[in-house]
Number of protein chains: 2
Amino acid sequence: MRILILGGDGYLGWPQALYLSEKGHDITIFDNLSRRHFDLERGFNSLIPLQTLHERIAVWKALMGKQIHMRIGDVMDYEALAAIFQELQPDAVVHFAEQRSAPYSMIDRKHAVFTQTNNVVGTLNVLYAIKEFAPACHLVKLGTMGEYGTPNIDIEEGFIEIHHKGRSDILPYPKQPGSFYHLSKVHDSHNIMFCCKIWGLRATDLNQGIVYGFETAETALDTRLATRFDYDQIYGTALNRFCVQAVAGSPLTVYGQGQQIRGYINLMDTIRCIELAIMSPPKESEYRVFNQITEQFSLNELAEMVVEQSKHFGLEAQIKFFPNPRVEQEQHYYNATHTRLIELGLEPHLLSETVLASMLAFAIAQRSSINQQVILPTVNWRDAQNEVTP
Amino acid sequence: MRILILGGDGYLGWPQALYLSEKGHDITIFDNLSRRHFDLERGFNSLIPLQTLHERIAVWKALMGKQIHMRIGDVMDYEALAAIFQELQPDAVVHFAEQRSAPYSMIDRKHAVFTQTNNVVGTLNVLYAIKEFAPACHLVKLGTMGEYGTPNIDIEEGFIEIHHKGRSDILPYPKQPGSFYHLSKVHDSHNIMFCCKIWGLRATDLNQGIVYGFETAETALDTRLATRFDYDQIYGTALNRFCVQAVAGSPLTVYGQGQQIRGYINLMDTIRCIELAIMSPPKESEYRVFNQITEQFSLNELAEMVVEQSKHFGLEAQIKFFPNPRVEQEQHYYNATHTRLIELGLEPHLLSETVLASMLAFAIAQRSSINQQVILPTVNWRDAQNEVTP
């Protein structure tokens, strides 16, 4: 298949491109390199050094004889985006090209406006480009489990049957997103659903949980094919941060009471889920939603697992409760359905001791590169103006 | 009270400003005049001639001795918007400053992107300006009943209690908006609800039905105080169009089967509802939603009422079914709760024969100004690129 990967230079986009290229698909990456630009602005760094996109692609070609195509461009530039749909006529487009950090979106007004404009208008541009130039193309869109918030009822996959005053209907699942970033994904979901209805587009909205892991079968072939490992306060997720803190000898900073439960998924499973979605496309006019998680944990459970595992490496990790910079429920019910990807064939890689050990071993190997200044949160949801000081 | 009216030069904003000024409030209008600009671009015109905002304000001052303050500015210009919040310290802000036409938003990609950017970012700017400079200010935001779509269960006021798998929660009412414009209002609703939660803002989201009528006690004092009467395909709503068509001797164009039911409200009631919301503000952190309608009708019912009433004026109006340019359910259940504004004291002006007669009499008086070229729809929801040809 001809597959266009928007944001194919990012944490997920790059290993996705490799995986699908290895499977024999014809892959084109479209990326504006904005994730790397943010690091440059702030002085942040992936814990594993990254090659340029050009170098990555050349290494893959040299190793595997497979050509990944690339074009540097921005989904906000409709002419550039439309041109690639027109030329390529992709069978599927995987849309990772969004600002993906909740704390980033909460820094101040400009970051909130940038996040919502970039994500919402970027996705509108993708929808119009499909409609105008490749109407049969399957849109695979990365959403987030954070769109749902923490309702007191089970979370379903996108839709819920509601019985009310003697009548019933199947309606979009009510959303309670917890940051301007998560809100942007809710806005996208509504826009995509509408375009499927009016234009007959076909779309899969993957409400992804928090992704952990740094390696896939393809990235492991050569260190020059590595993807990002973020542990900073803006882009690093809890498990990465905990592993780095354990190795650096600083306490694991659990926000609030630590009883916040979220859905998680291994990087390898994420990439497989997207392949599964691509291989079983929706019908014309169909908008479908899969919850892309395999397990759920509380923050405390994650922290305790890291503390336990780090003992095997001779580390004495401590947990420290940190005033919660987010506004979120800290004690809540959480049970999210996630059967549709399993039904398509997903065989989950769960968060085992082996996985944790590999993450810790990796952080130990990179110990000299750890910058502890970037870990502690300075972005508080309650403030309208935050400084990100590394 | 000190009240800031964003979009105070528009169809609703202007009579709202007069009404609240008459009641003794200190009124400031902030408007970028974009609605008038659209008419200039397209060669459209309100059926009743409009004075400039400067002239309107001067007439009101001369007649009533009351000064309405004005500033020409755009909610997209954060510095200008923030400055007025900082200087004025308003008790309430009424936010009409959005692109308000569904067909406009469906013209093409640029109009869709403009509508969502202008409305979503404009409202984000208002939220940040309140948070930073007037945190106790009550945001009264115009939403739309079109946010709900046409679910097969009763529509509630913003939230619904859902029982699911033995548990229950009160959650935001699921939304199924029917245009990029209606989607922008859904995006706004989510953003506002979130800011109430994280920053303790207080907001009333008024999901308004389709407004009809052209006169209030204040605008009737002098023709130079008149508000708009739109009957074109972009900004004219069905009842206005039907009245103008009846008077012009052209058939009343009912879209599709005409069984589409919507909520309606008289201009005078809309203005009173906003006063009621202002006089009973929500608590800190409270986000409340009122359904601002008084009745519901199908398109066919409206058209038949106009046909009947026009007989009294010696007009023989015909109904013509027109291929539906919109993508919407044409046969559906519709029952929308609207009790909260009644509880606050609203006494509805229903769509009586007298009201219809006054609309027809008005259209007859303005008959020579009717431009029939602007009435028939050229914007089709199924197309990504439409030309608006007057």
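**Briefing: a predicted model of two matching chains**

Of the 390 residues in chain A, 55% are buried. The structure is a predicted model, and chain A contains 12 helices and 14 strands. Chain B can be superposed on chain A with an RMSD of 0.0 Å. The points below treat the overall form of chain A, the pairing of the two chains, one sheet, one covered helix and a few individual residues.

**Overall form of chain A**

- The C-alpha trace of chain A spans about 65 × 55 × 40 Å along its principal axes.
- A compact globule of 390 residues would have a radius of gyration near 21 Å, and the 20 Å of chain A agrees with this.
- Among the contacts in chain A with a separation of 6 or more, 82% join residues that are 24 or more positions apart.

**How the two chains are related**

- The operation that lays chain B on chain A is a turn of 180 degrees with a shift of 0.0 Å along the axis.
- The two copies are therefore related as by a two-fold rotation axis.
- Chain B contributes 43 residues to the contact, and chain A contributes 43 residues.
- On the side of chain B that touches chain A, the elements giving two or more residues are helix 6 (109-133), strand 6 (159-164), strand 7 (167-172) and helix 7 (180-199) of chain B.
- Helix 6 of chain B gives the most to this side, with 11 residues.
- By character, the residues on this side of chain B are 23 nonpolar, 10 polar and 10 charged.
- The copies meet through the same surface, because 100% of the interface residues of chain B are also interface residues in chain A.

**A three-stranded sheet in chain A**

- In chain A, three strands form an open sheet in the order 9-11-13, and the pairing is mixed.
- Strand 9 (210-212) and strand 13 (295-298) of chain A are the edge strands, each pairing on one side only.
- On average, neighbouring strands of this sheet are turned by 45 degrees against each other, direction ignored.
- Strand 11 (residues 261-266) of chain A pairs with strand 13 of chain A in the antiparallel sense, over four bridges.
- Opposite A:E295 in strand 13 of chain A stands A:Y264.
- Helix 9 (residues 267-279) of chain A lies across strand 9 and strand 11 of chain A, and it runs at about 75 degrees to strand 11 of chain A.

**A covered helix in chain B**

- Helix 8 (residues 238-248) of chain B is mostly covered, with 10 of its 11 residues buried.
- The buried residues in helix 8 of chain B include B:L239, B:F242, B:V244 and B:V247. Also among them are B:N240, B:R241 and B:Q245.
- What do the buried residues of helix 8 of chain B pack against? Their partners are strand 9 (210-212), strand 10 (252-255), helix 10 (299-311) and helix 12 (353-365) of chain B.
- After helix 8 of chain B comes B:G249, which has a positive phi, near 75 degrees.

**Individual residues in chain A**

- A:Q366 lies in the segment after helix 12 (353-365) of chain A.
- Is A:Q366 buried or exposed? A:Q366 counts as partly exposed, because it has 17 C-beta neighbours inside 10 Å, whereas a buried residue needs 20 or more and an exposed one has 12 or fewer.
- Not counting residues up to four places away in sequence, A:Q366 touches A:L47 and A:I48.
- A:Q366 and A:L47 are 319 residues apart along the chain, but their C-alpha atoms are separated by 6.8 Å.
- A:Q89 is not a glycine, yet it has a positive phi of about 50 degrees.
- A:Q89 is placed in the loop between helix 4 (78-88) and strand 4 (92-95) of chain A. With 13 other C-beta atoms within 10 Å, A:Q89 is partly exposed.
- A:S285 is not a glycine, and its phi is positive at about 75 degrees.
- A:S285 is found in the loop between helix 9 and strand 12 (287-292) of chain A. A:S285 counts as partly exposed, with 14 C-beta neighbours inside 10 Å.

Notes
Residues numbered from 1 in each chain as written. Chains lettered and ligands numbered in written order. Predicted model: local features only at pLDDT ≥ 70, side-chain atom pairs only at ≥ 80, totals over all residues. Least-squares fit on C-alpha atoms with pLDDT ≥ 70 in both. Contact = placed C-beta atoms within 7 Å. Nonpolar A, V, L, I, M, F, W, Y, C, P; charged D, E, K, R; others polar. Pairing = 2+ DSSP bridges. Axes fitted to C-alpha atoms, helices over the stretch in contact; angles between N-to-C directions. Rg over C-alpha atoms; globule rule 2.2 N^0.38 Å.
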